[in-house]
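Me: I would like a close look at a single part of this structure, namely one place where two helices pack against each other. Please describe that part with care, and then set it in the context of what surrounds it.

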Amino acid sequence: MITYLWLIPALPLFSSVILGLFGPVMGPRVSGAVGTISVGLAAVLAVSIGLHWISHPPTNSIYEQTLWAWITLPGFSINLGLYLDPVSLLMVLVITVIGCLIHLFSTEYMHGEDGYSRYFAYLNLFVAAMLLLVLADDLAVLFVGWEGVGVCSYLLVGFWFSEPTNGYAARKSFVVTRIADIAMLAGLLLLSTKLGTLNIQAMLTGAVATWSAGSLMPTVATSLLLIGGLGKSAQVPLQTWLPDAMAGPTPVSALIHAATMVTAGVYLVVRTHALFLLAPHVLDAIAVGAVITLLVAAFAGLVQSDIKRVLAYSTMSQIGYMFLALGVGAWPAAMFHFLTHAVFKALLFLTAGAIAMRLNHEQNIFAMGGLRSKLPLAFWAFLIGSASLAALPIISAGFFSKEMILGAVAAAPMPGLILWACGILGAVLTATYIFRVVFTVFLGPLKTEVSGSYGVRIAVPLVTLSVGALVVGWLETPEGLGNQTIFSRFLTPAVGVFHHLPVSFMIPLLGFAAPLLGIGIAYVLHRNGTWARATTTMPSKLTIFIRSGCGFDMLYDELFVVPYMTLVRVLRHDPVDSMFAGLQYLAIVAHRRLRAMQIGQIRRYASWMMAGSVATIAILLFS
Amino acid sequence: MIIWQTPAGLALALFMLGLLGLLARRSLVFVLMSIEIMLNAAGLLFITAGMRWGNPDGQIMLVMVLNLAGAELALGLILILRLRNRITNLDGDAANILRDVP
C-alpha cells in the first residue's frame with residue numbers, strides 16, 4: 001500500500017493536466033467530477049496509508065521513496081524523492097481530505113461560472129503542488145512545490161480576472177510572497193554551499209554535526225528560511241497580501257488561504273526544527289513576531305465588515321498562534337493547532353461562501369441579519385466553526401489546541417508569561433470578533449432576500465467539517481480532561497517527545513475564561529447596538545488605522561511602492577538610451593542638411609567644387 | 001626671351017574667365033565653351049611650365065589635353081542634344097529632375 005505513495009501527488013497533477021487540456025471539451029459535469037474524484041482517490045489512498053501506518057509503522061517511522069535523480073553534479077546532487085514521516089503524513093491527510101471536501105463543495109458553489117473546468121484544473125494543480133511541498137525529501141524539491149502553490153494561489157485569487165481589482169490582489173499576493181521566496185532561496189543556496197546537500201535529513205544531520213548552537217551560520221540560514229515562511233504564512237511584516245487575497249472564490253480561500261498553503265511556513269519550520277534549535281535567537285524572534293501578528297490581526301478582525309476579511313485576519317492571527325508555539329519549541333502544539341485550524345477555518349470559509357451564495361453574493365455582515373431560522377445548516381455550521389475558532393472550552397476542537405499552545409508558552413523559560421498574556425488577550429479578541437459576526441449575521445431582524453437551497457454537495461462538506469471541528473480536539477487533551485496524548489505520541493518519532501509542563505492552575509483557568517469573556521463582550525456590544533452603530537457613524541482615525549491592518553499597507557506604499565513607481569516613471573523614458581538616441585538624432589540632422597544640397601543645379605555643384613578646391617589649395621599652401 | 005610669368009598670368013586669367021562663365025551662364029552651350037576655355041588655360045600652363053624648365057613634357061601634355069577636350073566636347077554636345085529633346089531649351093538649371101526630393 002505505502003509503495004503507492006507517489007500516486008498521492010501524481011493523481012491531482014494528472015487530472016489537472018487532463019482538465020487543462022480537455023476541460024472545455026468535457027463540460028462542467030465531467031470536469032467537476034474528474035477534479036473531485038482525483039483528489040478523492042488521493043484522500044482514500046492517504047487515509048489507507050495512514051491506517052496502515054498506525055497499525056504497522058515502518059522502521060523509525062520514516063518511509064522514503066526515491067523516484068529519480070533530478071540534478072547530478074560532482075559533489076552535489078538532488079533526487080526527486082518523497083519522505084513520509086508522521087508530520088508529512090498528517091499534512092498529507094489534511095490536504096487530501098479537506099481538499100476533497102472543498103472540491104466537492106466547489107462543484108456546487110461554482111455552478112454556472114465561466115471557466116468551471118479551468119477552476120478545477122488550477123485547484124488540482126494546487127493540491128498536487130502542496131502535496132509535493134509536504135512530501136519532498138529535499139529542500140530544492142520542496143521549493144518547487146513552494147513556488148507551485150504560489151503560482152496556483154496567484155491564478156486562483158485572480159480567477160475572476162475581468163475585474164481589475166482582483167488582478168491587483170492576485171499580483172499583490174504573488175509579489176509579496178515572491179519577495180519572501182527570494183530570502184528563502186538565498187537560505188537554500190547558503191545551506192547547499194555550506195553543507196553540500198539539500199536533502200533535508202542529511203542537511204539537518206550535517207548542520208547539527210558542524211555548527212554549534214547560537215553560532216552565526218545557523219542563525220543566518222534559519223532567518224532566511226524563516227522570512228520565506230513568514231511570507232507564505234502571512235505573518236508580520238509580510239502579511240499584507242492575505243486580506244486582499246480574499247478576492248478569489250470562497251472555496252479557494254478555504255483551501256489555500258486557510259487550511260493548507262498559508263501553513264506551509266509552519267510546516268517548513270517544523271520540518272527543519274533541528275536547524276532552528278541551533279538558532280535560539282531566531283526562535284525568540286519567531287515568538288515575538290507571532291505575538292505581534294496575532295494581536296495586530298485580531299484587532300483588525302474586530303473592525304472589518306466583510307465576512308471574508310474577518311476570516312482572513314483570523315487566519316493570520318491563528319497562524320500567529322502556531323508560530324508562537326514554534327517560537328517556544330512546542331512543535332506538536334503547532335501541528336495540532338494546524339490540524340484543528342485547518343478543519344474549523346475551512347468550515348468557516350465554506351459556510352461564509354454558502355451564506356453568500358444564498359444572499360446573491362453579499363459579503364457585508366451588516367447587510368445580513370436574522371439568518372438563523374432561514375439558513376439553519378449554515379447557522380449551525382458557522383456556530384460550530386466559530387466556537388472552535390474562539391476556543392470555547394471542552395466542546396470545541398480549537399480549545400484543546402490553543403490550550404496546548406498557551407500551556408507550553410506559559411511554561412517556557414523565556415519571558416513566557418508576557419507572551420502568554422498576549423496570547424490570552426488574543427483569545428479574548430478572537431472570541432469577540434468572531435461572535436460579533438455570528439450575532440450580527442444570525443440574530444436580529446431579517447434584512448435580505450434569501451433564495452435557492454443547498455444541495456447535497458454543499459451539505460456533506462459542511463456537516464463533515466462540523467463534526468471534525470467538534471471531535472478532532474480529543475486527540476490531545478490536557479491533564480484533568482483525560483490526559484489523552486495520541487497526537488503527540490504519533491508525532492514523537494519526527495519531532496521528539498512533548499511534555500505537558502506543569503503550570504500554575506491559573507493558566508488553564510484563564511484559558512477557560514478568556515473565550516467566554518470574549519463572547520460575553522461580543523454579546524453585550526451586540527445588544528446595545530455598538531457593532532451596528534459603528535457602520536453608520538463616521539469611523540474615527542484609530543478605527544480606520546486598525547481596519548487597514550495597522551497601516552502596513554500605507555507604510556509599504558510609502559516605503560516601496562511610491563519610490564519604485566517614481567523610478568519607473570524616470571526609467572520609462574530610458575535615460576541611458578538617450579545617449580544613443582542623441583547620436584542617431586545628430587546623424588539625421590546632418591543627413592537633412594547634406595541632402596538639401598542635392599538640388600540638381602550644375603552651377604551650384606560647380607561652385608561647391610570650386611570652393612572645395614580653393615580650400616584644399618589654401619590648406620596645402622599655408623600649412 | 002619671354003618671361004614665364006606673362007603666359008602663366010594669361011592662363012590664370014583665362015581659367016578665371018572660364019570659371020566665371022561656368023558659374024554665371026545658364027545656357028549649356030556656353031557652359032561647355034567655358035569648360036573648353038578652362039581646359040585651354042590648363043594647356044597654356046603646361047606649355048609655360050615646359051618653357052620655364054626647358055622640358056618638352058609640357059607640350060606632350062598639351063596634345064593630350066587637346067585630345068581630351070575634343071572627346072569631351074563631342075560627348076558634351078551629344079548630351080546637350082539629348083537634353084534638348086526633353087527640356088526644349090538649353091537652360092541647365094531646368095535639367096534638375098535627378099535632384100533629391102526633400
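Reply: In this predicted model, the part to begin with is the pairing of α14(A) with helix α17 (residues 397-410) of chain A, whose axes come within 9 Å and cross at roughly 155 degrees. Because angles over 145 degrees count as roughly antiparallel, α14(A) is roughly antiparallel to α17(A), and the crossing in which α14(A) passes α17(A) is left-handed. On the side of α14(A), the residues that meet the partner helix are P332(A), A333(A), F336(A), H337(A), T340(A) and F344(A), while α17(A) contributes A397(A), G398(A), F400(A), S401(A), K402(A), M404(A) and I405(A). Sorted by class, the residues of this contact are eight nonpolar, four polar and one charged.

Helix α14 also has a place in the wider interior, as it covers residues 331-358 of chain A. The largest nonpolar core has 204 residues, and M130(A), L142(A), L191(A) and F323(A) are those with the most contacts inside it. To this core α14(A) gives 18 residues, the most of any contributor. One of the highly connected core residues, L142(A), can be followed further: apart from neighbours within four places in sequence, its contacts are L133(A), A136(A), M184(A), I200(A), Y267(A) and L268(A).

Beyond α14(A), the chain enters the loop between α14 and α15 (371-374), where N360(A) is placed. N360(A) has a positive phi of about 60 degrees although it is not a glycine, and with a relative accessible area of 67% this residue is exposed. A second non-glycine residue with a positive phi is S61(A), at about 55 degrees, which is found in the loop between α1 (7-55) and β1 (63-73) of chain A. In contrast to exposed N360(A), S61(A) is buried, with a relative accessible area of 12%. Another backbone feature of chain A is the cis peptide bond from V236(A) to P237(A), with omega near 10 degrees; P237(A) sits in the loop between α7 (216-232) and α8 (241-244).

The other partner, α17(A), can be followed outward through F400(A), one of its residues that meet α14(A). Leaving aside neighbours within four places in sequence, T477(A) is in contact with F400(A), and also with G482(A), N483(A), Q484(A) and H500(A). T477(A) belongs to the loop between α19 (456-471) and α20 (486-495) of chain A, and at 1% relative accessibility this residue counts as buried. The C-alpha atoms of T477(A) and E403(A) are separated by 8.7 Å, although the two residues are 74 residues apart along the chain. A contrasting pair is V614(A) and A274(A), 340 residues apart along the chain, whose C-alpha atoms are separated by 91 Å. V614(A) is found in helix α26 (residues 602-622) of chain A and, with a relative accessible area of 49%, is partly exposed.

As for the chain that holds this helix pair, chain A has 26 helices and two strands, and its C-alpha trace spans about 115 × 65 × 55 Å along its principal axes. Of the 623 residues in chain A, 54% are buried. Among the contacts in chain A with a separation of 6 or more, residues 24 or more positions apart account for 80%.

A helix pair in chain B offers a useful parallel. The axes of helix α1 (residues 5-24) and helix α2 (residues 28-53) of chain B come within 8 Å and cross at roughly 165 degrees, and α1(B) and α2(B) are therefore roughly antiparallel to each other. Here too the crossing is described as left-handed, with α1(B) passing α2(B). The residues of α1(B) in this contact include L10(B), L14(B), F15(B), L19(B) and L22(B), and those of α2(B) include V31(B), I35(B), M38(B), L45(B) and M51(B). By class, the contact of α1(B) with α2(B) has 16 nonpolar, four polar and no charged residues, whereas the contact of α14(A) with α17(A) has one charged residue. Apart from the largest core lies another core, of five residues, among them L19(B), L22(B), V31(B) and M38(B); these four also take part in the contact between α1(B) and α2(B).

Note on methods
Residues are numbered from 1 along each chain as its sequence is written. Chains are lettered from A and ligands numbered from 1 in the order in which they are written. This is a predicted model: local features need pLDDT of at least 70, side-chain atom pairs count only at pLDDT 80 or more; totals for chains, interfaces and linings use all residues. Side-chain values use heavy atoms; hydrogens and water are left out. A nonpolar core is a set of buried Ala, Val, Leu, Ile, Met, Phe, Trp, Tyr and Cys residues joined through side-chain atoms within 4.5 Å. Buried means under 20% relative accessible area, exposed over 50%, partly exposed in between (1.4 Å probe, protein chains only). Contact means heavy atoms within 4.5 Å. Axes are lines fitted to C-alpha atoms, for helices over the stretch in contact, and angles run from 0 to 180 degrees between N-to-C directions. Angles under 35 degrees count as roughly parallel, over 145 as roughly antiparallel, 65 to 115 as roughly perpendicular and the rest as oblique. A crossing is left-handed if the near helix is turned anticlockwise from the far one by less than a right angle, and right-handed if clockwise. Ala, Val, Leu, Ile, Met, Phe, Trp, Tyr, Cys and Pro count as nonpolar, Asp, Glu, Lys and Arg as charged, and the others, Gly among them, as polar.
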